[in-house]
Amino acid sequence: MDLAVGENEVVGLVGESGCGKTVLGLSILGLNPMPPAQLLEGSRILFKGRNIADLAQNELTLIRGTGVSMIFQEPMTSLNPVFTVADQIGESIKLRLRREGGKEFGPSSPATKEEVLDALRLVRIPDPERVANRHPHELSGGMKQRVMIAMALAAKPSLLVADEPTTALDVTIQSQILRLMRTLMREVKTSILFITHDLGVIAEIADRVAVMYAGKIVEEAKVHDLFREPLHPYTRGLLASLPSISELDKEIEQLPGSVPDALNPPSGCSFHPRCRYVMSQCSTTVPRLIEVKPARRVACHLYPE
């Protein structure tokens, strides 16, 4: 696995359900239970040049939620139902101050209260004083998602991992959240790894996109290049399966088969049982992710090294 997120950049990570997108996001923060998860020898997770895969838990805690924050897919299961919005955002602020080595304030201190309100204003929540004193069940889905974003940004992270944060929202709210995240990235100067299965969302928010299949990155490109000229057969299949408003007579193609079992993957290229371009070496040799054009990488035997 080789994936990088630059400063002030939104990188989209896209693929079918079960391909390993969420596992990758959780791995960055060390949130996968070990066992059954395990870190293979030689694996590195570099954050600002530091290999956080080698850190002890107390050191990782100072990075988790502050240097790197995560927005989860379902806010109702991620927000604590017994604490108010102010309590939960205040905890993020407390962790950040601990990381920075500054003075810690209690959740009810005037300084913390004002910073909580600033965080809610940042995500464009109207009447932040009222919302701060509410519990999660008193808020709508879109409002809860904004609270999750506010909580993540209150920690002032360098990297925000967003795991399908708009999946449970209707399309109107989804569009608002996407525009908001893009605006906040510029205002807060944070980078975003945006995980989703929705190519339409990727087209709206990402600068660069990585396509994942069976736990591996199979193609990486700037978002406009990927949509204009997909190189990997899997990426072509994903785009061909999308309906088009401008081409009403377009025939929707279906990718045959399903994502392989991660514990028992096919030999060679994991996509070869579903690929229309399969060749003899596809079933025996794993293709490397190579640069075939400037800022374009693909892992496929159609593009020999």
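Let's start inside the sheet, at strand β5: L159, V161 and D163 face one side, L160 and A162 face the other, and all of them are buried. Buried here means under 20% relative accessible area, with exposed set at over 50% and partly exposed in between, using a 1.4 Å probe on protein chains only. Put as a count, five of the five residues of β5 are buried. Strands, by the way, are DSSP runs of E with at least two residues, while helices are runs of H or I with at least four, and both are numbered from the N terminus.

Before going further, keep in mind that this is a predicted model, where local features need pLDDT of at least 70 and side-chain atom pairs count only at pLDDT 80 or more, while totals for chains, interfaces and linings use all residues. Residues are numbered from 1 along each chain as its sequence is written, and side-chain values use heavy atoms, with hydrogens and water left out.

Now for the neighbours of β5. Strands of a sheet pair through backbone hydrogen bonds, either parallel or antiparallel. Two strands are taken as paired if DSSP finds at least two bridges between them. β5 pairs with β4 in the parallel sense over four bridges, and I71 stands opposite A162 there. With β6, β5 also runs parallel, joined by five bridges; in that pair, L159 stands opposite S191.

Zoom out and you get an open sheet of eight strands with mixed pairing, in the order β4-β5-β6-β1-β7-β8-β10-β9. β4 and β9 (290–293) are the edge strands, each pairing on one side only. From one strand to the next, the twist averages 25°, where angles run from 0 to 180 degrees between N-to-C directions and axes are lines fitted to C-alpha atoms, for helices over the stretch in contact.

Further along that order sits β7. Since six of its six residues are buried, β7 is largely enclosed by the rest of the structure. Both of its faces are covered, with R208, A210 and M212 on one side and V209, V211 and Y213 on the other. On the β1 side, four bridges hold a parallel pairing, and L13 stands opposite A210. On the β8 side (residues 216–222), the pairing is antiparallel over six bridges. There V209 stands opposite A221, and M212 has I217 as its bridge partner. β7 and β8 form a hairpin with two residues between the strands, and A214 takes a positive phi near 50° in it.

What about the helices? Take α1 (residues 21–29), in which K21, L24, G25, L26, I28 and L29 are buried. Their cover includes β1 (10–14), α2 (57–63), β4 (68–71), β5 (159–163), β6 (191–196) and β7 (208–213), with contact meaning heavy atoms within 4.5 Å. Just after α1, G30 takes a positive phi of about 65°. Two more helices lie across the strands: α7 across β4 and β5, running at about 175° to β4, and α8 across β1, β4, β5 and β6, running at about 155° to β6.

That brings us to the empty space. Rolling a probe the size of a water molecule over the atoms shows where empty space is left. A cavity is a set of points, on a 1 Å grid over the protein atoms alone, where a 1.4 Å probe fits but cannot get out, and its lining residues have an atom within 4 Å of a point. Its volume is the space filled by probe spheres set on the points, which are joined across faces, edges and corners. The whole structure has two cavities of 30 Å³ or more.

The second largest holds about 30 Å³, and its lining is I149, L153, L160, M181, L184, M185, T190 and I192. α7 (141–154) and α8 (171–188) each supply at least two of these residues, with the largest share, three, coming from α8. By class, the lining has seven nonpolar, one polar and no charged residues. Nonpolar covers Ala, Val, Leu, Ile, Met, Phe, Trp, Tyr, Cys and Pro; Asp, Glu, Lys and Arg are charged, and the others, Gly among them, are polar.

The largest cavity holds about 90 Å³. It is lined by 13 residues, and P233, C269, C275, C282 and C300 lie nearest its centre. That lining has 10 nonpolar, three polar and no charged residues.

How values were computed: 1 Å grid on protein atoms, 1.4 Å probe; cavity = no way out; pocket = protein on both sides within 12 Å on 5 of 7 lines; lining within 4 Å.
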